[in-house]
Amino acid sequence: TQLGKAAFQQCTSLTSVVLPDSLTQLGKQAFLRCSSLTSMVLPDSLTKIGELAFGECTSLTSVVMPVNITQLGNGAFQKCTSLTSMVLPDSLTQIGKDAFHTCSSLMSVVLPDSLTQIGKGAFARCSSLTSVVLPDSLLQIGKAAFGECTSLMSVVLPDSAELGDYVFEGCSSLHSVVLPDSTELGDHVFLKCDALEQKAAMTGFDTVEPYLRDRYKSITLRKL
């Protein structure tokens, strides 16, 4: 039922693997640095993917996630630089710290309505990611979760979430943000978001947050 710690670590010639339907947990660093692994179909019996389980699998382009997964460990897909898209299933509640950090080819990610927490740096330096819709189920978004996502252009923030510090720091292309009144912001959430800073300045605001709050009120009024 469990694949142990570092079971296939640095098996650099491994291109594919079939996992049994009885498997419930992938151990820490299970496939770390399996640099020739190109795709992965994970069995639906799997509920937990351990820390750095697929870290630095630099040839991994696609992963079919299990429908019963609840927890994605810290750095689970960190530096999977060929991964282009990810659909996360409705069972998932937590994305660990640095889970997709430096997945530089990741262009799209679908986040489930069951998700309550995104860890620190989870999608940081995903430099090909262009947009993200954050589900209303989200309660907490960790520090620098989307830091330096330089292609990110638009984001819709959930109503009741609490955003950590520097969440979108260095997202220089970010120009469209829906920021509800009830969303709590940490410090420097939009630091070095050049496109947003320019928009705020053009409309007479010194900083980004009051500009976005004002814009949200205008949108809400237009809908009434």
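# Review note on a predicted model

1. At a relative accessibility of 26%, Y166 counts as partly exposed. The scale runs as follows: buried is under 20% relative accessible area, exposed is over 50%, and partly exposed is in between, with a 1.4 Å probe and protein chains only. Look for Y166 in the loop between β14 (162-163) and β15 (176-178). Helices (H or I, at least four residues) and strands (E, at least two) are DSSP runs, numbered from the N terminus. Y166 is not a glycine, yet its phi is positive, about 60 degrees.

2. A word on the ground rules. The model is predicted, so local features need pLDDT of at least 70 and side-chain atom pairs count only at pLDDT 80 or more, while totals for chains, interfaces and linings use all residues. Residues are numbered from 1 along each chain as its sequence is written, and side-chain values use heavy atoms, with hydrogens and water left out.

3. E56 also has a positive phi, near 60 degrees, and is a residue other than glycine. Find E56 in the loop between β4 (48-49) and β5 (62-64). Its relative accessible area is 28%, which makes E56 partly exposed.

4. Q78 touches E56. The full contact list of Q78 is L52, F54, G55, E56, D98, A99 and H101, leaving aside neighbours within four places in sequence. Contact here means heavy atoms within 4.5 Å. Q78 sits in the loop between β6 (71-72) and β7 (85-87). Is Q78 buried or exposed? Q78 is buried, because its relative accessible area is 19%.

5. Another glutamine, Q29, lies in the loop between β2 (25-26) and β3 (39-41). Q29 counts as buried, at 17% relative accessibility. Not counting residues up to four places away in sequence, Q29 touches K5, A6, A7, Q9, E51, L52 and A53. L52 is thus named among the contacts of Q29 and of Q78.

6. Now the interior. In soluble globular proteins, nonpolar side chains tend to be buried together. Here the largest nonpolar core has 66 residues, and F54, I95, F100, F146 and F168 touch the most other members. Helices α1 (194-202) and α2 (208-223) each supply at least two residues of this core. The largest share, 3 residues, comes from α2. A nonpolar core is a set of buried Ala, Val, Leu, Ile, Met, Phe, Trp, Tyr and Cys residues joined through side-chain atoms within 4.5 Å.

7. Take F168 as an example from that core. What does F168 touch? Its contacts are F146, L152, V155, L157, L163, L174, V189, F190, L191 and C193, not counting residues up to four places away in sequence.

8. L88 is buried, with a relative accessible area of 3%. The residue lies in the loop between β7 and β8 (94-95). Leaving aside neighbours within four places in sequence, L88 is in contact with M65, L72, I95, F100, V109, V110, L111 and P112. Two of these contacts, I95 and F100, are also named among the residues that touch the most other core members. From L88 to Q117 there are 29 residues in sequence and 13 Å in space, C-alpha to C-alpha.

9. S62 is in strand β5. At 35% relative accessibility, S62 counts as partly exposed. S62 touches T38, S39, M40 and L83, not counting residues up to four places away in sequence. The C-alpha atoms of S62 and K79 are 14 Å apart, with their positions 17 residues apart along the chain.

10. How many disulfides are there? A search of the whole structure finds 0. A disulfide is a pair of cysteine sulfur atoms within 2.5 Å. Why is C11 not bonded to C34? Their sulfurs are 5.1 Å apart, which is too far for a bond, and C34 holds the closest cysteine sulfur to C11. C103 also fails, because the closest cysteine sulfur, in C126, is 5.1 Å away. C11 is partly exposed at 31%, whereas C103 is buried at 0%.

11. Last, the largest pocket. Its volume is about 230 Å³. Of its 15 lining residues, F190, L191, T207, V208 and E209 are the closest to its centre. F190 and L191 are also contacts of F168. By class, the lining has 9 nonpolar, 3 polar and 3 charged residues.

Technical notes
On a 1 Å grid over the protein atoms alone, a cavity is a set of points where a 1.4 Å probe fits but cannot get out, and a pocket is an open set with protein on both sides within 12 Å along at least five of seven lines; lining residues have an atom within 4 Å of a point. Grid points are joined across faces, edges and corners, and a volume is the space filled by probe spheres set on the points. Ala, Val, Leu, Ile, Met, Phe, Trp, Tyr, Cys and Pro count as nonpolar, Asp, Glu, Lys and Arg as charged, and the others, Gly among them, as polar.
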